[in-house]
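Work through the exercises below with the model open beside you. Each task is followed by a solution in steps.

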Amino acid sequence: MQSFLNKTAVITGAGSGMGRYLAVLLAKAGCNVAICDIDESALAETSKMVNHYNVACSMHTVDIADREQIDNFYEKVLERHKTVELLFNNAGITVLSDFANMSEKDWDRVIDVNFHGVINLSRKFLSHLRLRPEAALINTSSIFGMITVPNQSVYHAAKFAVRGFTESIAKEFKGTNLQIHSVHPGHIGTNILSSAKREESVPDLNLVNIVGKDISQEEQGKIFRENGMHPSRAAKIILSGIKAKRSRILVGLDAKIMDLTQRLTPNHYQKLWPFLLLPLFAFRRGLRKPLSDLPG
Ligand SMILES: NC(=O)c1ccc[n+]([C@@H]2O[C@H](COP(=O)([O-])OP(=O)(O)OC[C@H]3O[C@@H](n4cnc5c(N)ncnc54)[C@H](O)[C@@H]3O)[C@@H](O)[C@H]2O)c1
């Protein structure tokens, strides 16, 4: 796909982070957008940004874990836009907990949003997308769909599954009008950590071990947001990957390094990260800033 001009894109999780900036950059490129999120007020903020551009924008408050809501969403989008050429299955959540302490309810919620949401939306839009002269299905997995860390078992389970699903159907549609991409971001400075549910009974979760003291989830979320690549830059990389027809889109040098280390040393890759990843934090200050020339 060489151009997004006059096409229509459906974007889930468009109220925040990468989803928001996918919507903004697509609108900037002349693409109409149907933006979807479970959070109505966040979605309205994205809509304000998109409305700086002269494209059609529809807003849909949807819980992608709910099949009935997906059916209804599909009808509404086609009623409003008539055609859809791009579907970004971007929305995702996580829970911070080891497996032993995680409730079934939390496990099921992450799988329902991060995996079943992707499957059900793909299934719903597929028959429409395959009839368009040019179309793309873009499913966001993660670098955590390639490597693993502790206390993220459900997130890994869902993201490995999204990658497997996406890479398999990419083979089924190879050579057709429908291009299929799996997206694997590294650390992107978004709200995903501050929105994550945290299982308080788990003693040594995540950053405590790195900064050497216990800090609140709010502070963790802020550190995560301020030190990752800005989501507008991540969105730009994703859109370039679609134009270049890269089936696997790795977002950020950290993602590329983590991918390479797991290929080179599948059992010990984490031991290499302090040497390879920590220097990146110092050198990528510029990437934390938003792209210039975007609505605030
Ligand atoms: N931020 C990172 O470092 C990172 C790294 C790898 C992969 N990812 C993946 O990228 C995608 C985008 O995440 P982000 O970092 O921009 O996160 P974010 O938290 O900033 O945005 C996610 C959006 O999805 C929405 N959402 C959550 N549950 C939903 C539901 N049931 N139905 C509809 N919308 C829902 C949220 O309201 C939010 O607006 C996710 O799939 C995430 O797993 C993120």
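## Exercise 1: A loop residue

I147 is partly exposed, because 19 other C-beta atoms lie within 10 Å. The model is a predicted one.

**Task.** Place I147 in the chain and list its contacts beyond its neighbours within four places in sequence.

**Solution.**
- Step 1. Start with the location. I147 sits in the loop between β6 and α5 (153-172).
- Step 2. Check the exposure class. A residue is buried at 20 or more C-beta neighbours and exposed at 12 or fewer, so the count of 19 for I147 falls in between.
- Step 3. List the contacts. With neighbours within four places in sequence left aside, I147 is in contact with M258, Q262 and Y269.
- Step 4. Add a distance. The C-alpha atoms of I147 and F160 are 8.9 Å apart, with these positions 13 residues apart along the chain counted as their separation.

## Exercise 2: The sheet

**Task.** Give the strand order of the open sheet of seven strands, then find its edges.

**Solution.**
- Step 1. Read off the order. It is β3-β2-β1-β4-β6-β7-β9, with parallel pairing.
- Step 2. Find the edges. β3 (57-61) and β9 (248-251) each have a single partner strand, so each has one side without a neighbour in the sheet.
- Step 3. Take the twist. From one strand to the next, it averages 15°.
- Step 4. Inspect one pair. Strands β6 (residues 135-140) and β7 (residues 178-185) pair in the parallel sense over six bridges. T140 has V183 in β7 as its bridge partner.
- Step 5. Inspect another pair. β1 and β2 are joined by five bridges, also in the parallel sense. Here A9 stands opposite V33 in β2.

## Exercise 3: A strand inside the structure

**Task.** Decide whether the faces of β1 are covered or open.

**Solution.**
- Step 1. Count the buried residues. Five of the five residues of β1 are buried, so the rest of the structure largely encloses this strand.
- Step 2. Split them by face. T8, V10 and T12 lie on one side, A9 and I11 on the other.
- Step 3. Conclude. Both faces of β1 are covered.

## Exercise 4: Helices against the sheet

**Task.** Determine which strands α2 and α4 lie across, then sort residues of α2 into buried and exposed.

**Solution.**
- Step 1. Place α2. Helix α2 (residues 40-50) lies across β2 (32-37) and β3, at about 170° to β3.
- Step 2. Place α4. Helix α4 (residues 104-129) lies across β1 (8-12), β4 (86-89), β6 and β7, and runs at about 175° to β4.
- Step 3. Name the buried residues of α2. They are L43, T46 and V50. They cover an arc of only 60° around the axis, which puts them on the same side of α2.
- Step 4. Recall the helix geometry. An α-helix has 3.6 residues a turn, so residues three or four places apart point the same way.
- Step 5. Identify the cover. It includes α1, β2 and β3.
- Step 6. Turn to the face away from the buried side of α2. That face carries the exposed residues S41 and K48.

## Exercise 5: Positive phi

**Task.** Where are N6 and K245, and what are their phi values?

**Solution.**
- Step 1. Recall the rule. Most residues other than glycine have a negative phi.
- Step 2. Take N6. Its phi is near 65°, a positive value. N6 belongs to the segment before β1. It counts as exposed because it has 12 C-beta neighbours inside 10 Å.
- Step 3. Take K245. Its phi is near 55°, again positive. K245 is in the loop between α9 (231-243) and β9. With 11 other C-beta atoms within 10 Å, K245 is exposed.

## Exercise 6: The ligand shell

**Task.** Describe the residues that surround the ligand, by position and by class.

**Solution.**
- Step 1. Count them. The ligand is surrounded by 31 residues, of which the closest are G13, S16, G17, G92 and T190.
- Step 2. Assign elements. α1 (17-28) and α6 (192-195) are the elements that give two or more residues to this shell. α1 gives the most, with three.
- Step 3. Sort by class. The shell has 13 nonpolar, 15 polar and three charged residues.

Notes
Residues are numbered from 1 along each chain as its sequence is written. This is a predicted model: local features need pLDDT of at least 70, side-chain atom pairs count only at pLDDT 80 or more; totals for chains, interfaces and linings use all residues. A residue is near a molecule or strand if its C-beta atom, placed from the backbone, lies within 6 Å of it. Ala, Val, Leu, Ile, Met, Phe, Trp, Tyr, Cys and Pro count as nonpolar, Asp, Glu, Lys and Arg as charged, and the others, Gly among them, as polar. Two strands pair if DSSP finds at least two bridges between them. Axes are lines fitted to C-alpha atoms, for helices over the stretch in contact, and angles run from 0 to 180 degrees between N-to-C directions. Two residues are in contact if their C-beta atoms, placed from the backbone, lie within 7 Å. The arc is that of the directions from the helix axis to the C-beta atoms.
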